[in-house]
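Q: Please give a close account of one part of this structure. Kindly state the cut-offs behind each term as it arises.

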There are 2 protein chains.
Amino acid sequence: MTDLTLALDSMGGDHGPQVIVPAVVQALALYPQLNILLVGDESLLGDLLRRHQAQQHPRLQIVHAAQVVGMDERPLSALRNKKQSSMRIALELVADGTADACVSSGNTGALMSMAKVLIKTLPGVDRPALITGLPTHSGGTTYLLDLGANISCDSETLFQFAVMGSAIAESVNGIQNPKIALLNVGTEEIKGNDQVQQAAQLIKETPQLNYAGFIEGDRLYRGDVDVIVCDGFVGNIALKSSEGVARLLSHHIRASIQGSPWRRLLAKVFAKKLDASLNRLNPDQYNGASLIGLRSIVVKSHGNADQAAFLRAIQLAKAEVEVALQQQVTDRLEQVLLDKTNL
Amino acid sequence: MTDLTLALDSMGGDHGPQVIVPAVVQALALYPQLNILLVGDESLLGDLLRRHQAQQHPRLQIVHAAQVVGMDERPLSALRNKKQSSMRIALELVADGTADACVSSGNTGALMSMAKVLIKTLPGVDRPALITGLPTHSGGTTYLLDLGANISCDSETLFQFAVMGSAIAESVNGIQNPKIALLNVGTEEIKGNDQVQQAAQLIKETPQLNYAGFIEGDRLYRGDVDVIVCDGFVGNIALKSSEGVARLLSHHIRASIQGSPWRRLLAKVFAKKLDASLNRLNPDQYNGASLIGLRSIVVKSHGNADQAAFLRAIQLAKAEVEVALQQQVTDRLEQVLLDKTNL
């Protein structure tokens, strides 16, 4: 393994450096080839590193940033007024080649806008998308994109998402010729709005893409397909509704667990199983999501990620660097676009 | 209680009259004021009624229909070519005042189109919506509309949904001044597309409506609000994703239940609790959904409803007739529209 360097926005997310610093210390111990640039408030980060006995770590460096992007801040305002923010400086370190990838658990909209301006999209990509892997019944992964980076998408954008999703399923998960579906309100060809109808046509016409038709929300987690494409509004609602229903189920089951101390003790075993399943079901908390379609790797960790979740986001960024994800996506895009031009 | 008459499309759904006839026999025994018009194939229904010793029931009458609308049939084709279908005749019985409400578990799109043509929308309503009650953490109900009857909606349509949803929450569930939210990808005012932005403005400006802002998918089941409004594409994805995740959780938990016979026996108790929760979580199977905004009551039972689920759809139709739902919705609409004209 060759060395790799990650730039971390250390001030983002609900818990900020309190969870990020210990996650970093853990990651450095796990991966000898990993170098970390910790971007954020120098004195705060220094204190935390001392507390974790990591202030002298040879593969760790603090890069000072005087500003923080607020979680509710408007993207445009962040772009204009937060030139010294940890988010922006972390992205700049990737843009200028100092780091191989960036991880942030900050404001998604701001991250998306800054990444677009600083890192730029790949040739052939109009808009980057947010993508994550959903857990399936069989223990596999189905990629869902977009998760909310693009509120409305035309058919050409959905088509580009299909190309990028296909590349990530192939390179990160090693799936040959990944099956691609469009999320829709029915499986019959006549169903849906103009955007999904036309996107279906575009994907179908592209020999490099393995189109599997429309899929409904109840089959998101079945593992029938490898990539599911939708606009960011729909993807966000699908993912968050899933989270809501998982919480409701958990609530119902816990409320039903009562009775003798002996029975309650046994119930604890099942509550634990339930927790494990619930955690698997909060995909962006569990796995992190990637901003795909940019010239470098940017991983978005969940805003309320804890130490374990932030570590997984670091691991995801590392894995994407190691498989040279951007190159794979670029190759796939070129292949498809070249073929389209030749038609 | 005064008498009421329901017209049932007895040939619709995946299981057709096999589950509908026993549900009807049960309903007639439960409610002495209930009269049923069983619309469908005369000889098939006659046979089934004999099997259930109900062929001579004084409050039950078969109305023959020679055709059936296919579950995958296009709405327009059903409208043109299925004039003798059980679905259409059941709706006609409501339209001409013979019956007070109609229940069908047939093709949703066809039911919607036929109902619009035969029963017509209420004054002030452009498009009927499909609405259901979601179960909440506290055991209450939050209404969600539209569930898929209208794939894309402008802000005026979303506004009308808010008015209708508010009327149903008040009349059927007795909630005073129901809280209304718009389903969106964030809670900040700047979030979402033009349609939800403008709909928010319209609802906010209407003093008769209690606007509670935007709500995200993870709070669908929290019971924070009484009515949640979205377009049919988003509503369908939210509801079906919920179903998908409930199935995944159930799968994970069942797969984790193994070990000694003693432990497996105990596990069964929890599996049962889980099943009860899962059933509550499939709202349109559990409660039935209503087509709202029409001049008469039309209840849509889930396509694969079993006997118990179809009985619940009958109960829902009966409840809506008893509270004079259409009148309540009409009053609410007139109130709001009158007020708007006066402005």
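**The open sheet of chain B and its helices**

A: Helix 1 (residues 17-30) of chain B lies across strand 1 (4-9), strand 2 (34-40) and strand 3 of chain B, and runs at about 165 degrees to strand 2 of chain B. The model is predicted, with local features needing pLDDT of at least 70 and side-chain atom pairs counting only at pLDDT 80 or more, while totals for chains, interfaces and linings use all residues. Residues are numbered from 1 along each chain as its sequence is written, chains are lettered from A and ligands numbered from 1 in the order in which they are written, and side-chain values use heavy atoms, without hydrogens and water.

Helices (H or I, at least four residues) and strands (E, at least two) are DSSP runs numbered from the N terminus. Contact means heavy atoms within 4.5 Å; axes are lines fitted to C-alpha atoms, for helices over the stretch in contact, with angles from 0 to 180 degrees between N-to-C directions.

The sheet itself is open, has 11 strands with mixed pairing, and follows the order 3-2-1-4-11-10-5-6-9-7-8 in chain B. At its edges, strand 3 (60-64) and strand 8 (210-215) of chain B each pair on one side only. On average, neighbouring strands of this sheet are turned by 25 degrees against each other, direction ignored. Two strands pair if DSSP finds at least two bridges between them.

Within the sheet, strand 4 (residues 101-104) and strand 11 (residues 297-300) of chain B run parallel, joined by 4 bridges. B:Val103 has B:Val299 of strand 11 as its bridge partner.

Helix 7 (residues 194-204) of chain B lies across strand 7 (179-183) and strand 8 of chain B, at about 160 degrees to strand 8 of chain B.
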